[in-house]
Amino acid sequence: MSTRQWYESFRAMFTGLNRCVFLNSAGVAMVSEPVRQAVNQWADEGQCVDYDYNSIIGQAKANAAAIISGKSERIFFSRNTTHGIQTFILGYPWQKGDGVVIADSEFPANRLPWLSLRAKKGVDIKIVKSDKYKVTLDDYYHNCDKNTKVIAISWVSYLSGQKAAIAELGRFCREKNILLVVDGIQGIGAAAMDVEQMGIDWLSADGHKWMCAPEGVGLVWMSERAFNVIEPACKGWFGVVKPFDFEDFEQDYAPNADRYLDGSPMLLGIMAFNAALKMLNGFGIDKIEARVLELSSYTINEANRRGWQCLTPANPKDRAGIVTFKPTGSPANMIKTLCDNKIICSLRGGGQYIRISAHAFNNQEDIDRAFYVMDRSS
Ligand SMILES: Cc1ncc(COP(=O)(O)O)c(C=O)c1O
């Protein structure tokens, strides 16, 4: 298949592109045909089939494992990114004075749960100060001391679009015996990930952005050392060895990451998530990443050409699909005009910045249309 054919067939998965210019994959994902079919299948079957949970969840785990290059047995499906992070927090054996390092530029999902540990457990939360929503690894290193137990960071910043050098941070964390918690939502599905090679200990991401799934189902992957430290927050009936043995109350926790589950999983969401992941794996995450970077470079050039201050790093190795810039006109007016023209982007940074997030199904014409409208908006 030529690059052009590959691209056209990926774009054809998203029929909603006939109704709007969608440049908001960092917001909530556009629905794809495989996802629509999975949701319809669930509705059509209407519980008239006996769902094999093991097989459905097993397939979804295999596809989730493939997209992050991890092992299925270290994956469970969460309710969202926050829930995945919260599972870590609830299961960690905190001692008063333990330290956690996070940045002031994190999305609340990776900020609020940590901050709450100050009052609840006496944990020392050190805050890395970002510069225009960007951070350096040195900023993290300088905030660590002998009490630091965890560094929590976004792989890709929802605001600046900066992609953190996780593998380097992972090496530092291993040396210092610190657990590395990563919010992966703004990168997975847009960029290739190898959780083992990156030295991640706990990865949490809802599926509803670059992974093209609906909201409310996420993936969590953990390293062996995190698996050995993090206790399940509760003993849920879906988190034991034989969930469908309703008579055995002496059962142990599941031997794999399922031990972190509580009650009934969101099967519809997992079916939809699986459809989206299968589609992405089928099209190839490396090809998707190359296309995403091509489009983010194009967007940065268009913003630079107008003299609009771009927050997003110019070097492709330091970004994925998010591009954020400050236009000379009013960002709020621009977003309204874009929306009136059925061009979907986001306003971020307290209304100062426009964020364009183009997935591999977008093209340069989508981006040109956005700039054309912004140029004409005051
Ligand atoms: C970096 C980041 N983390 C997390 C989320 C969402 O968190 P949750 O899945 O808990 O709703 C978002 C955006 O909504 C985000 O940009």
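**Reading a predicted protein chain**

In the protein chain, 70% of the contacts with a separation of 6 or more link residues 24 or more positions apart; a contact means two C-beta atoms, placed from the backbone, within 7 Å.

Me: Before we start, what kind of model is this?
Reply: It's a predicted model, where local features need pLDDT of at least 70, side-chain atom pairs count only at pLDDT 80 or more, and totals for chains, interfaces and linings use all residues. Residues are numbered from 1 along each chain as its sequence is written.

Me: How many helices and strands are there in the protein chain?
Reply: Helices (H or I, at least four residues) and strands (E, at least two) are DSSP runs, numbered from the N terminus. Here you get 12 helices and 13 strands.

Me: And how compact is the chain?
Reply: For that, use the radius of gyration, taken over C-alpha atoms, and the globule rule, which is 2.2 Å times the number of residues to the power 0.38. This chain has a radius of 21 Å, close to the 21 Å that the rule gives for 378 residues, so it is as compact as a globular protein of that length.

Me: How do I read a sheet?
Reply: Strands of a sheet pair through backbone hydrogen bonds, either parallel or antiparallel. Two strands count as paired if DSSP finds at least two bridges between them. One open sheet here has four strands in the order E9-E10-E13-E12, with antiparallel pairing. At its edges sit E9 and E12 (346–348), each pairing on one side only.

Me: How many bridges join E12 to E13?
Reply: Three, and the two strands run antiparallel. Take Ser346: its bridge partner in E13 is Arg355.

Me: Which helix lies across this sheet's E9, E10 and E13?
Reply: That's H10, running at about 5 degrees to E10 (322–326). Axes are lines fitted to C-alpha atoms, for helices over the stretch in contact, and angles run from 0 to 180 degrees between N-to-C directions.

Me: Where is Trp308?
Reply: Look in the loop between helix H10 (285–305) and strand E9 (309–310). Leaving out residues up to four places away in sequence, Trp308 touches Ala303, Phe325, Lys326, Pro327 and Thr328.

Me: Why does Trp308 count as partly exposed?
Reply: You count other C-beta atoms, placed from the backbone, within 10 Å of the residue's own: 20 or more is buried, 12 or fewer is exposed, and in between is partly exposed. Trp308 has 18 such neighbours, so it is partly exposed. Across the protein chain, 47% of the 378 residues count as buried.
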